[in-house]
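Let's take a walk through this structure together, one region at a time. Keep the 3D view open as you read.

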Amino acid sequence: MEKVFDILNSIQPVDAPDHLYDQVMGRVNQSRLVPMGWIGLAAALCFLLISVDVYCLMIEPFQSVQNPAETITPVTNNGLYYD
Amino acid sequence: MTFSQLYTTHKNMVYNLALHYTQNVEDAEEVTQDVFVAAHAKMASFRKESAIKTWLYRITINKSLDFLKAKNRKKRFSFLNARRLDADQGLDLPHFDHPGVQLEQKEATAAIFAAINKLPPNQKTVLILLKIEHLSQAEAAKVMESSTKAVESLFQRAKQNLKKIMASSEGF
């Protein structure tokens, strides 16, 4: 086992390559942008909202109520006037 | 301390520690980048409860172990996707390319690392910290967030397991 540790002991430290700093800073700057996941989620929500709007427009529109009173007391004859 | 100063002061320590875990230059470069990107993100929240060096040691160890786990997972899936399995084919052995190893010791060192790679992560870590990084037991205990006695006990277990693994493999 001592021989094993002597071999491990002989491993020399090396210098980190110079280009690593640029690569690190590139990744740091990239991580500052909005993550793609968030962009996808926002796009999906927009699509959902637009789809719901289109659906609401496509279904049969409500009949417009011109005289609200008619809907409450619909008068189909004038029988009261002849009683 | 600015990030640039942090990088310049500790880049070699991080790179060499990553090399001891990954044993090749490409993987060590990737791990080093992971470490400093994480350090940059966490710098603001670093509470200075430990020295910066100890903090970076911990990040490097965690990132190295995560990298190796992910690499092993990829290997397993590529094995499942293989169209044809020949008898001589098997999983790729880690590519040993440690620039700190002298040429005449390369084969012996590669065999030792092959055995170290079979140890559990904490035993592998304690061997690397004590026998390659030459930390004291007290320093290793701070890095591993453990006690000196626990580190000593872990080291003894690692030594015994390493002996068994090397005895069962050819050449030792």
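**A pocket, a helix and some rings**

By class, the residues lining the second largest pocket comprise seven nonpolar, five polar and eight charged ones. Keep in mind as you look that this is a predicted model. The second largest pocket holds about 510 Å³ of space. Of its 20 lining residues, those closest to the centre are B:Trp55, B:Arg58, B:Ile59, B:Asn62 and B:Glu145, so you can use them to find your way in the viewer. Two elements of chain B, α3 (52-80) and α5, each give two or more residues to this lining. The largest share comes from α3(B), with eight residues.

Let's turn next to helix α4 of chain B, which spans residues 106-116. Which of its residues are buried? They are B:Thr109, B:Ile112, B:Phe113, B:Ala115 and B:Ile116. Around the helix axis these residues cover an arc of only 155°, and therefore they sit on the same side of α4(B). What do they pack against? Within chain B, the partners are α1 (3-22), α5 (121-132) and α7 (148-168). Chain A takes part as well, through its α1 (2-9). Notice that α5 of chain B appears here as a packing partner of α4(B) and also among the elements that line the second largest pocket.

Now for the aromatic rings. Searching the whole structure gives five aromatic pairs over all chains. One of them joins B:Phe3 and B:Phe36 in an edge-to-face arrangement, with 6.3 Å from centre to centre and 80° between the planes. Because B:Phe3 lies in helix α1 of chain B and B:Phe36 in helix α2 (residues 25-42) of chain B, the pair ties together parts that are 33 residues apart in sequence. Are these two residues buried or exposed? Both B:Phe3 and B:Phe36 are buried, with buried here meaning under 20% relative accessible area. The two rings also belong to one aromatic cluster, formed by A:Tyr21, B:Phe3, B:Tyr7 and B:Phe36. If you display these four side chains, you will see that the cluster includes residues of chain A and chain B.

That brings us to chain A itself. It has five helices and zero strands, and from the N terminus on its elements run α-α-α-α-α. How much of chain A is buried? Buried residues make up 14% of its 83 residues. One of the helices of chain A, α1, is already familiar as a packing partner of the buried residues of α4(B).

Terms used: Residues numbered from 1 in each chain as written. Chains lettered and ligands numbered in written order. Predicted model: local features only at pLDDT ≥ 70, side-chain atom pairs only at ≥ 80, totals over all residues. Heavy atoms only, no water. Buried < 20%, exposed > 50% of the residue type's maximum accessible area, 1.4 Å probe, protein only. Helix = DSSP H or I, 4+ residues; strand = E, 2+ residues; numbered from the N terminus. Arc of directions from axis to C-beta. Contact = heavy atoms within 4.5 Å. 1 Å grid on protein atoms, 1.4 Å probe; cavity = no way out; pocket = protein on both sides within 12 Å on 5 of 7 lines; lining within 4 Å. Points joined across faces, edges and corners; volume = space filled by probe spheres on them. Nonpolar A, V, L, I, M, F, W, Y, C, P; charged D, E, K, R; others polar. Phe/Tyr/Trp six-rings, centres within 6.5 Å; stacked < 30°, edge-to-face > 60°.
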